[in-house]
Amino acid sequence: MNPSMYSIILSNVAIGTIITMTSHHWLLAWIGLELNTLAIVPIIAKQHHPRATEATTKYFLTQEAASAMILFASTVNAWTTGSWDISQLTYPPACALLTLALSMKLGLAPLHFWLPEVLQGTSMNTALIIVTWQKLAPISLMFMVHNSINPMIMLIMAMISTLTGGWGGLNQTQMRKIMAFSSIAHLGWMAGILTLNQNILILNLSLYITMTAPMFLMLKYTTSKTIKDLTTMWTTSPQIAAPLMILLMSLGGLPPLTGFMPKWLILQELVTYNLAPIATIMAISALLSLFFYLRLSYIAALTMHPTTTKDSNKWRFQPKPLTTPTMTLTMLSLLLLPMTPLFCP
């Protein structure tokens, strides 16, 4: 793709999200979502590969169906209440329909069917955009209407998402599919706290992006697409293998790393609201995710040895240094747990 055209398309992706996040009118928010979806489609399809075409089709149909549901829900609500203001979502059927539509856009279970397949058919850069930037617009809309959302619907979807993310990632060998199920599990934790404490939601989203971005960047730099590729990481990029291993454990929520902080705060908040059974189920589901993260870390650790290979086979790559932004994000994703009292005094 032409670099100038690629820059214009990326700008439209950003503009669409910003329009949705700053709008107070349902039609303007819908326009932002449509602009965002239409701009990301050529980015997914730019590889000119059947898998990329399939991923583009699945992403487009799913997102357009969700956008149509959002437009229909907002129209029904405006017909009933006489207001197009986002904060005036008071008609219960419209609230339920909007919750389902935004959940489909995010990839919350049981509406997660599109996310693993779409990520598997895209490049690492595009997958990074889909699991980070593309979540901002739907979550911002959920944040603005959180008073109108039924808490039990969100808590049930949160439990299903955390369980699906844990179970689904256990038997995967493709790193992009593993990260897709990881995204589903993390979105489940965000959904669980959405109607209870919005400050923890923002903290969880920020840490999720902070941990996921360096993970995808490291996988891209080391060209690791499967678990098997992790076994040769030390011989190709030894300076990335150790941070990647720790980052995987942080994504799994292993204390005392940063990834434990949002899970700890969310479980504490659920218990405060007398939702201990739901907190227990979500904590058990977190162990499933932690298991396959620890398995990946163990695979990466097994291959570590003090010398790099001198083999000149074609499949060997030259070691690549970590860039400053990637290293900064990695350090943030590992060392923020001691600062927990500053976020939630």
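I began by fixing a term: a salt bridge is a side-chain nitrogen of Lys or Arg within 4 Å of a carboxyl oxygen of Asp or Glu. The model is predicted, so I kept to its conditions, namely that local features need pLDDT of at least 70 and side-chain atom pairs count only at pLDDT 80 or more, while totals for chains, interfaces and linings use all residues. Residues are numbered from 1 along each chain as its sequence is written, and side-chain values use heavy atoms, with hydrogens and water left out.

**Glutamate 269**

I looked up glutamate 269 in helix α14 (residues 260–272), where helices are DSSP runs of H or I with at least four residues, numbered from the N terminus. Glutamate 269 is buried and has no salt bridge, buried meaning under 20% relative accessible area with a 1.4 Å probe and protein chains only. The nearest side chain of opposite charge is lysine 263, 16 Å away (Lys and Arg count as positive, Asp and Glu as negative, with His and the chain ends not counted). Beyond its neighbours within four places in sequence, I found glutamate 269 in contact (heavy atoms within 4.5 Å) with Ile193, Leu196, Asn197 and Ile200.

**Alanine 52**

I then turned to alanine 52, which lies in helix α3 (residues 50–81) and counts as buried because its relative accessibility is 1%. Leaving out residues up to four places away in sequence, alanine 52 touches Ile44, Gln47 and Gly121. I also noted that its C-alpha atom and that of valine 118 are separated by 8.0 Å, although the two residues are 66 residues apart along the chain.

Definitions and conventions: Helices (H or I, at least four residues) and strands (E, at least two) are DSSP runs, numbered from the N terminus. Buried means under 20% relative accessible area, exposed over 50%, partly exposed in between (1.4 Å probe, protein chains only).
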